[in-house]
Amino acid sequence: MFFLVPEVRFAVLLFFAVVFLAVVWVCFFFAVPVNLDKENAEEQIESFIKDMHPVAFELLYKTDENPLPRRLKDSLKGRTLIWYNTLWDTMAGAHDDDASLQDFDKGYGYLIDVLGARMIQTDRPQFLLDYLRSRNLHD
């Protein structure tokens, strides 16, 4: 990059600065990740809502033994969106992409119906879209 003329070098650096700031904005103002297995997770969520008003929370937990995901469905309703990541089995209580391949209701269906997910991050977007359309949850 340093062989570029100064005007182009500045434009490239500006581009990367804008991209970096956009990523920071999305991570901290759009969706805040919260590990529900941490002791103070519920207090952390309330603090973020009060101070930052995020659009969504990415909620992470390892097993269904954690009662917090079920409680948050009702307590966050109308205040923020709930986002679950289904890439790995340790991110959404084993209700991941692989579980959905075996049984929709134990994977995506559980996250939507039982935990109130409005956003799902997946490695299988077409599979998720087909499921959502089969339930009239997507155009």
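Are Tyr61 and Tyr84 buried or exposed? Select both and have a look: Tyr61 is buried, and Tyr84 is buried too. Keep in mind along the way that this is a predicted model.

**Stop 1: the sheet.** Show the strands as a cartoon. You will find four of them in an open, parallel sheet, ordered β1-β2-β3-β4. Colour β1 (31–35) and β4 (119–121) to mark the edges: each has a single partner strand, so one side of each has no neighbour in the sheet. On average, neighbouring strands here are turned by 25° against each other, direction ignored.

Now zoom in on β1 and β2 (residues 56–60), which pair in the parallel sense over five bridges. Select Pro33 and you will see it opposite Glu58 in β2.

**Stop 2: the aromatic rings.** Next, display the aromatic side chains, which form six aromatic pairs. Go back to Tyr61 and Tyr84: their ring centres are 6.1 Å apart and their planes stand at 75°, so this pair is edge-to-face. Tyr61 sits in the loop between β2 and α3 (68–75), while Tyr84 belongs to strand β3 (residues 81–85), so the pair ties together parts 23 residues apart in sequence. Then select Phe104, Tyr108, Phe127 and Tyr131, a cluster linked by ring pairs.

**Stop 3: the cavity.** Keep Tyr61 selected and add Asp64, Asn66, Pro69, Arg70, Tyr110 and Leu115; together they line the largest cavity. That cavity holds about 30 Å³ of space, and the count of cavities of 30 Å³ or more comes to one. Colour its lining by residue type to see four nonpolar, one polar and two charged residues.

How values were computed. Residues numbered from 1 in each chain as written. Predicted model: local features only at pLDDT ≥ 70, side-chain atom pairs only at ≥ 80, totals over all residues. Heavy atoms only, no water. 1 Å grid on protein atoms, 1.4 Å probe; cavity = no way out; pocket = protein on both sides within 12 Å on 5 of 7 lines; lining within 4 Å. Points joined across faces, edges and corners; volume = space filled by probe spheres on them. Nonpolar A, V, L, I, M, F, W, Y, C, P; charged D, E, K, R; others polar. Pairing = 2+ DSSP bridges. Helix = DSSP H or I, 4+ residues; strand = E, 2+ residues; numbered from the N terminus. Axes fitted to C-alpha atoms, helices over the stretch in contact; angles between N-to-C directions. Phe/Tyr/Trp six-rings, centres within 6.5 Å; stacked < 30°, edge-to-face > 60°. Buried < 20%, exposed > 50% of the residue type's maximum accessible area, 1.4 Å probe, protein only.
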